[in-house]
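Trainee: Please take me through one part of this model up close. I'd like to see where the charged side chains meet and what is tucked away inside.

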Amino acid sequence: MTSTSYPADGGDWRGVFIRHLAGAIGRRENVSLRLWAPPGELPPHVTYAATPDEKAWLHELMKAGGISHLMRQQGWRAPSTPLKLLHMLYRCYRREPATNLYHVNWLQSALPLPADGKPVVISVLGNDLNLLRLPLMRTLLRRIMRGRQVALCPNAEWMVPVLERAFGDLARVVPVSFGIDDRWYAIERAPAVPARWMAVTRLTANKLGPLFDWSEPVFRGKARELHLFGPMQEQIVVPDWVHYHGAATPDALASTWFPQAQGLITLSTHAEGRPQTMLEAMASGLPIVASDMPAHASIVEHGVTGMLCDNREGYAEAVERLEATATQASMSGRARDWAKQRFGNWNDAGSRYASVYESLLGTSS
């Protein structure tokens, strides 16, 4: 398994889902998993595959914000970093001759795969679709897919038509949902007074969307609070009426903030897959107020587990509605039940991926 993101320690928010996914797959009795990724604490039964030089370089890459962040910030002006990454992946794939199957996280990390005919599973996130617009990207990816069994596994169904149009003649497109850590289901909530609303996101213009604009008349000078969590990845001016806390660890969110929050707000206009924070919030019983876009509509059932909105009036109405005690209790319970039934935990996600592995290898457990 290869990944360009991985948490450095238990307090790191970056790539936590990769650690959970690797752990779930590593626990499978019929899988021996080697992981090539930035350094961090490995789950049991997972072996680290990066060399010391690669480990040091990947560590610095994560300190700089990760490959996607660097490409967004510097674009064509910094080609050396993605080229260096692809070269390292090229060497990694070729020094692992015992591999039966590759599991690649992010489409572009499949570009250096050897022409060895071995099957590959590629987990696809929303940002991958943006990178497909780069010149020659589709052509290069189609080249590595020829002559092998390929499963493209988006973590949300809305990506399926896009991937089928681009690669459906060469690859199976099999949506596979991630799981949710059990600790989120165990949270007991007691919403604070005045109401504390949360937004957990990287601070970029697209990820924030109209959050500040729509929220000002709803929160400024009112008996409710907006608490914002996430790393500053662009030069964003946070209004003084917003309680900004910087990046938050999963432990802090689970132990302190999710139990007392009224709900989670996301007005992102970014190309999303299926945002993991939203799933964790729903597993915790937090209703969602979200912008009406495909990634959010695939998670939030309007009026049942949260509210979708496409203008400032609808947003204000959603916040007001979810502060009513009866509505809050109803949507909270339904959000948690839906998350458990639809996504389960990470062992369930590991089973879903194992089924894909077996279908490509022609085996069964």
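Mentor: First, a word we'll need: buried means under 20% relative accessible area, exposed means over 50%, and partly exposed lies in between (1.4 Å probe, protein chains only). This is a predicted model, where local features need pLDDT of at least 70 and side-chain atom pairs count only at pLDDT 80 or more, while totals for chains, interfaces and linings use all residues. Residues are numbered from 1 along each chain as its sequence is written, and side-chain values use heavy atoms, with hydrogens and water left out.

Warm up with Cys 153, which counts as buried because its relative accessibility is 0%. The closest cysteine sulfur belongs to Cys 92, but at 19 Å that's too far for a bond. Cys 92 is buried as well, at 4%. In fact, the structure holds zero disulfides (pairs of cysteine sulfur atoms within 2.5 Å).

Now for the charged side chains. A search of the whole structure turns up 15 salt bridges, each one a side-chain nitrogen of Lys or Arg within 4 Å of a carboxyl oxygen of Asp or Glu. Take Asp 12 and Arg 14: their closest N and O atoms are 3.0 Å apart. Asp 12 counts as buried because its relative accessible area is 7%.

Next, find Arg 34 and Glu 96, whose side chains meet in a salt bridge at 2.8 Å, N to O. This pair ties together distant parts of the chain, 62 residues apart: Arg 34 sits in strand β1 (33-35), and Glu 96 in the loop between α4 (80-94) and β3 (102-105). Those labels come from DSSP runs numbered from the N terminus: helices are H or I with at least four residues, strands are E with at least two. What about exposure? Arg 34 is partly exposed at 36%, whereas Glu 96 is buried at 14%.

Glu 323 and Arg 224 also form a salt bridge, 2.8 Å from N to O. Here the partners are 99 residues apart, with Glu 323 in the loop between α14 and α15 (325-342) and Arg 224 in strand β8. Glu 323 is partly exposed at 24%, while Arg 224 is buried at 11%.

And don't stop at pairs! Glu 54, Arg 91 and Arg 95 are linked in a network of salt bridges. Try tracing that network on screen.
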